[in-house]
Amino acid sequence: MRIDAYSQIAQIYGVQNSVKTTKAKAAGGQTDQVSISQAGRDYQVAKSAVSEASDVREDKVAELKSMVDAGTYQVEAGDFASMLLAKYNATL
């Protein structure tokens, strides 16, 4: 096998001339940016405040618990029935 014949063929087809790639330059030096509106920032602050707040109002629970323990908590039958029916109708 003749190696010099291969090199002559490679020269004919241009195999030895490798194509050099160049790095793409940023078009105009522009970069991506994100900006959040004032309404979006306000929403984020409100959302974090709500998530930090307790779902249970401890002062109200303590007041009702003391009333039940003392036997002074009174429930009106009409109020109870109307709330019960409202909850039932809401599930329909």
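The expected span of a helix is 1.5 Å times one less than its number of residues. The exercises below apply this and related ideas to a predicted model.

**Exercise 1.** Determine how the span of helix H4 compares with the expected one, and how many of its residues are buried.

*Solution.* Helix H4 has 15 residues, so at 1.5 Å a residue it should span 21 Å. The C-alpha atoms at its two ends are 21 Å apart, which agrees with that expectation. Turning to burial, where the cut-off is under 20% relative accessible area, the number of buried residues in H4 is 0, so this helix lies largely in the open.

**Exercise 2.** Carry out the span check for helices H2 and H3, and state how far H2 is covered.

*Solution.* Helix H2, which runs over residues 38-52 and has 15 residues, reaches 21 Å from its first C-alpha to its last, close to the 21 Å expected. Helix H3 has 13 residues and reaches 18 Å between its first and last C-alpha, close to the expected 18 Å. As for cover, H2 has hardly any, since the count of buried residues among its 15 residues is 0. Just after H3, Gly71 takes a positive phi of about 80°.

**Exercise 3.** Place these helices in the chain as a whole, and describe its burial and its surface.

*Solution.* The protein chain has 4 helices and 0 strands, and its pattern along the sequence is α-α-α-α. Buried residues make up 1% of its 92 residues. The accessible surface of the chain comes to about 9,400 Å², and carbon and sulfur atoms account for 57% of that area.

**Exercise 4.** Identify the residues of the nonpolar surface patch and the helices that supply them, and classify Leu84 by its exposure.

*Solution.* The patch is formed by Leu64, Val68, Tyr73, Val75, Phe80 and Leu84, which together have about 590 Å² of accessible area. Helix H3 (58-70) and helix H4 (77-91) each supply at least two of the patch residues. Leu84 is placed in helix H4; because exposed means over 50% relative accessible area, its value of 52% makes Leu84 exposed.

**Exercise 5.** Classify Glu63 by its exposure, and relate its position to that of Tyr73.

*Solution.* Glu63 is placed in helix H3, and its relative accessible area of 42% makes it partly exposed. Glu63 and Tyr73 are 10 residues apart in sequence, while their C-alpha atoms are 10.0 Å apart in space.

Methods: Residues are numbered from 1 along each chain as its sequence is written. This is a predicted model: local features need pLDDT of at least 70, side-chain atom pairs count only at pLDDT 80 or more; totals for chains, interfaces and linings use all residues. Side-chain values use heavy atoms; hydrogens and water are left out. Patches are made of residues with over 30% relative accessible area and no salt bridge: like charges are joined within 9 Å, nonpolar side chains (Val, Leu, Ile, Met, Phe, Trp, Tyr) within 5 Å. Accessible areas come from the Shrake-Rupley method with a 1.4 Å probe; for residues, only the protein chains shown count as cover. A salt bridge is a side-chain nitrogen of Lys or Arg within 4 Å of a carboxyl oxygen of Asp or Glu. Buried means under 20% relative accessible area, exposed over 50%, partly exposed in between (1.4 Å probe, protein chains only).
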